[in-house]
Amino acid sequence: MVRVAPAPPAPVGVTHEFQEALAHAYDNDDTIGRSIDLVLTNGELSAEARRQVHEDSSRAGEAARMAWPRQALVEDFADRVGAISVPVLVLAGSDDKVDPPQILREHLLPLIPTATLTELSGTGHLSPLEVPDQIASHLGAFIARL
C-alpha cells in the first residue's frame, strides 16, 4: 500500500475555527487560488496543473465541500488502521502544511507497524503535481523491495 500525503487516522489539532476556514477554502476562484498558494503547495505549479486544481476544486457541490471539513476531517478510525498487515509506504511532502511529516510520524506510523515514511523534498500537499518524478522514483524502489 502506498499513501501519498495522507491524513492521520484521527483528527490532530482540528478546531472549530480551522473547520470553518476549510469550509470556505474552495468557495470561488480567489479562495481556491489562495488555498493553492498558501496551503497546498510549496512552489509553483505548472499552468496546466494549476488550472486542473482550480477545475477540480470548483467542481464539487456544496454538500461535498462541507462534508470534508465538518465530517471527514474529524472522523476517527485510529482503532482500525492497526489491522493493516501489508507493507505500507507513506510519502509526505517536506513542506506539507496540511499533513506535515512530523504529524504523520507521531500519529500514523505508530499505529501501522508495517509503515515507513519517506519525505519528498521541497513539496507541499499536492506532491503528485509538484514532484511527480520523486513519487515515481520512490514507488519504483518500494515495488522493487517487495
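How many residues apart in helix α3 are R59 and E55, and about how many helical turns separate them?

## Two partners for R59

In this predicted model, R59 and E55 are four residues apart in helix α3, which spans residues 47-59, and about one helical turn therefore lies between them. The two side chains form a salt bridge, in which the closest N and O atoms are 3.6 Å apart. As for their surroundings, R59 is exposed, having a relative accessible area of 58%, whereas E55 is partly exposed, with a value of 35%.

R59 also meets D56 in a salt bridge, with 3.3 Å from N to O. Here the spacing along helix α3 is three residues, and this too places the partners about one helical turn from each other. The relative accessibility of D56 is 41%, so this residue counts as partly exposed.

## Salt bridges beyond the pair

The contacts of R59 belong to a wider arrangement, since E48, R51, E55, D56 and R59 are linked in a network of salt bridges. Another salt bridge joins the side chains of R80 and E75, where the distance from N to O is 3.8 Å, a value that can be set beside the cut-off of 4 Å used to define such a contact. E75 is partly exposed, with a relative accessible area of 42%. In the model as a whole, the count of salt bridges comes to 10.

## The largest pocket

Rolling a probe the size of a water molecule over the atoms shows where empty space is left. In this model, the largest pocket holds about 870 Å³ of space. Its lining is made up of 37 residues, and those that lie nearest the centre of the pocket are W68, L73, V98, D99 and H125. Two or more residues of this lining are given by each of the elements α1 (16-23), α2 (29-40) and α3, and the largest share, which amounts to five residues, comes from α2.

What is the make-up of the lining of the largest pocket, in nonpolar, polar and charged residues? The lining divides into 24 nonpolar residues, seven polar ones and six charged ones.

## Where the two topics meet

Helix α3 appears in both parts of this description: R59 and E55 lie within this helix, and α3 is also among the elements that give two or more residues to the lining of the largest pocket.

Technical notes
Residues numbered from 1 in each chain as written. Predicted model: local features only at pLDDT ≥ 70, side-chain atom pairs only at ≥ 80, totals over all residues. Heavy atoms only, no water. Buried < 20%, exposed > 50% of the residue type's maximum accessible area, 1.4 Å probe, protein only. 1 Å grid on protein atoms, 1.4 Å probe; cavity = no way out; pocket = protein on both sides within 12 Å on 5 of 7 lines; lining within 4 Å. Points joined across faces, edges and corners; volume = space filled by probe spheres on them. Nonpolar A, V, L, I, M, F, W, Y, C, P; charged D, E, K, R; others polar.
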